[in-house]
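Visitor: Hi! Could you walk me through this structure?
Guide: Happy to, here it is.

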2 protein chains.
Amino acid sequence: MVTLEDVARQAGVSLATASRVLNGSTRQVGAALRARVEQAADELGYRANIAAQTLARGASNVIGIVVHDLTDPYFAALADGAMRAAAIQGLLVMVGTTHRDPEQEIAYVATLNAQRVRAVLLVGSRVADPAVTGRLRDELARYRSGGGRAACVGQDLLGVDTVAPANREGAAELARALAGLGHTRFAVLAGPPHLVTAADRCAGFAGALEDLGLPAPHVIHGPFDRDGGYAAAQQVGEETTCVFAVNDVMAVGALAACRERGIRVPEDVSVAGFDDIVTLRDHVPALTTVRLPLKAMGARALELALAETDEVAVEQVAGEVVLRESVRRLG
Amino acid sequence: MVTLEDVARQAGVSLATASRVLNGSTRQVGAALRARVEQAADELGYRANIAAQTLARGASNVIGIVVHDLTDPYFAALADGAMRAAAIQGLLVMVGTTHRDPEQEIAYVATLNAQRVRAVLLVGSRVADPAVTGRLRDELARYRSGGGRAACVGQDLLGVDTVAPANREGAAELARALAGLGHTRFAVLAGPPHLVTAADRCAGFAGALEDLGLPAPHVIHGPFDRDGGYAAAQQVGEETTCVFAVNDVMAVGALAACRERGIRVPEDVSVAGFDDIVTLRDHVPALTTVRLPLKAMGARALELALAETDEVAVEQVAGEVVLRESVRRLG
DNA sequence: GCACACTTGGAAACCGCTTTCCGAGGAGGT
DNA sequence: ACCTCCTCGGAAAGCGGTTTCCAAGTGTGC
């Protein structure tokens, strides 16, 4: 491995000069020496050792992103948004996937802390377990006390900058829109009770129905993914005219279940999701949902994390109800 | 930031002992001292500085994965496979996205080299430009000469371990299957001519048709993504009975174009893709395609990269034709 | 032509950790 | 009881850079 010292020797200059030429220093180096150093570096194929730089500078140019599952397009979009924003700033990205294990999430924060990454982004729903959340907060506090910056996409439960999708409001808005189409008998494919995102959406939906004086929806719990939606859809009763799956991926599973059982959507039952996943735009029938600007949210989270403010910022992001083929007006 | 020295002082031991206790050393440390060190580390909230460890050890526990686009489920699946395999080995993952810019790919290899990552995975099609490929090879060679390991998912053009999908053969197999259904007038939504994956699939398909004595397909070039498929589909002529899009995402775009123009699939035209993207399994109509075990390929690439052999391994991965609703038997 | 500030190159300390090399103490063999 | 071998703790030399501090060289104002 070629080191800076090799380059300096080859160029006949000191280590300091070589360092100043090759890695942006505030100090100037004369044109002649500069050229010699650059040529030597090029000839030798020098690549700076970032570990050494990080150690010497006391700061790295890496950020960490922790998501639940990269193959879930929801997280892919969020991560992509954040990664593009990072690339613009010349930051490298370390990605960790937890596969929905909160312990993994805590472990990742510790690891990224050890890496002394510049910022950590925690992307995804919090869980309702105060003990787990507390430990995560502790780990984050430790990281931040060492100068680390952090932000979260999800619920404001960690005491860090947060981009918070308006899950309750979005779901409530959706409920009102669906009720406006004449639906009164609802089922909610609610995901796991301990997932705050899922619970908020479910509660927002149910709350709006109550405000409208409509009967409470039939709430069916299950996993937060496609198969969870598929399974939960099996339990939807005959009388239901409209099903709300708390995310698009579950809604797709529900649609598949309907198709297999010969239930037509939207003729026999209306189905709506949440998120407006871009890769689902060609789904048949087109899915009614609540649009969230995922890429922008990811990018915004990175901005917040990197911002030099010391007060904690929490930004609500509104969802927009998008009515498409998968729902119909009743009667 | 609390350092190992702080811990050692607090525990009343030397730096060496503290290091041996906290970071897996081969050497034993007595139970009494070990306990003191662990307690001190815990009290102080010590987190090792990985940059320093990497520098001292001369090896990091990070790997780099370079993909074109994380929001493309093809890459998400490959990356996820590799990341799971990495997690099992206790490796962290740095992900870079090139957005299909080969220069970015080269730049990432340089950066990951600077990071002294343990291995680099290059995921995605090569381009047909020998100059670009040459520069990438050079950069990889430099990295490897410094002890770095590398592997590629795609074509064997880089002189590193490669997991190579059998694009030609898979496409040929698909062509034979479609011809077996009675189709004779084909169009190929071929993607960009310079993308080797796209070109191979197109060539394999056309070659098989020729072998069967069938007329050459109508080849339509365009971008390698959903919108590319959508646009290319507009140029498919009336006489075509079967369209092969060189990847699933393009096929989905083509299906969307058909739907909008009132062309029924498969009644009016059959459509097939390539890859068998899992998240498309609920698409209507279900897509005929060539299945590639993407997650396994990603995991395998990591294994190859990490393997201690010095000979270059190239593994072909066969695709499996899966006939689904989007094609029909003719006549 | 001289004092002065300013620029530029180099020596060396330091970033936080690993690991080699020593030395001391204890166990085991005879 | 003596010698050897082994175990375990500590001092110190790196790992590859950055940056501070000096010193020498350069140009300017009078």
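The chat below covers how the chains pair up and what surrounds a DNA strand.

Guide: This is a predicted model, where local features need pLDDT of at least 70, side-chain atom pairs count only at pLDDT 80 or more, and totals for chains, interfaces and linings use all residues. Residues are numbered from 1 along each chain as its sequence is written, while chains are lettered from A and ligands numbered from 1 in the order in which they are written.

Visitor: What rotation superposes chain B on chain A?
Guide: One of 180°, with 0.0 Å of shift along its axis and an RMSD of 0.1 Å (a least-squares fit on the C-alpha atoms of residues with pLDDT of at least 70 in both). The two copies are thus related as by a two-fold rotation axis.

Visitor: And how many residues are in contact?
Guide: 40 residues of chain B are in contact with 39 of chain A, contact meaning C-beta atoms, placed from the backbone, within 7 Å.

Visitor: Which helix of chain B gives the most to that side?
Guide: Helix 5 of chain B, with six residues. Helices here are DSSP runs of H or I, at least four residues, numbered from the N terminus.

Visitor: New topic: how many residues surround DNA strand D?
Guide: 29, and the closest are Leu4(A), Ser19(A), Ala56(A), Gln28(B) and Gly30(B). A residue is near the strand if its C-beta atom, placed from the backbone, lies within 6 Å of it.

Visitor: Which helix gives the most there?
Guide: Helix 4 of chain A, with five residues.

Terms used:
Contact = placed C-beta atoms within 7 Å. Helix = DSSP H or I, 4+ residues; strand = E, 2+ residues; numbered from the N terminus.
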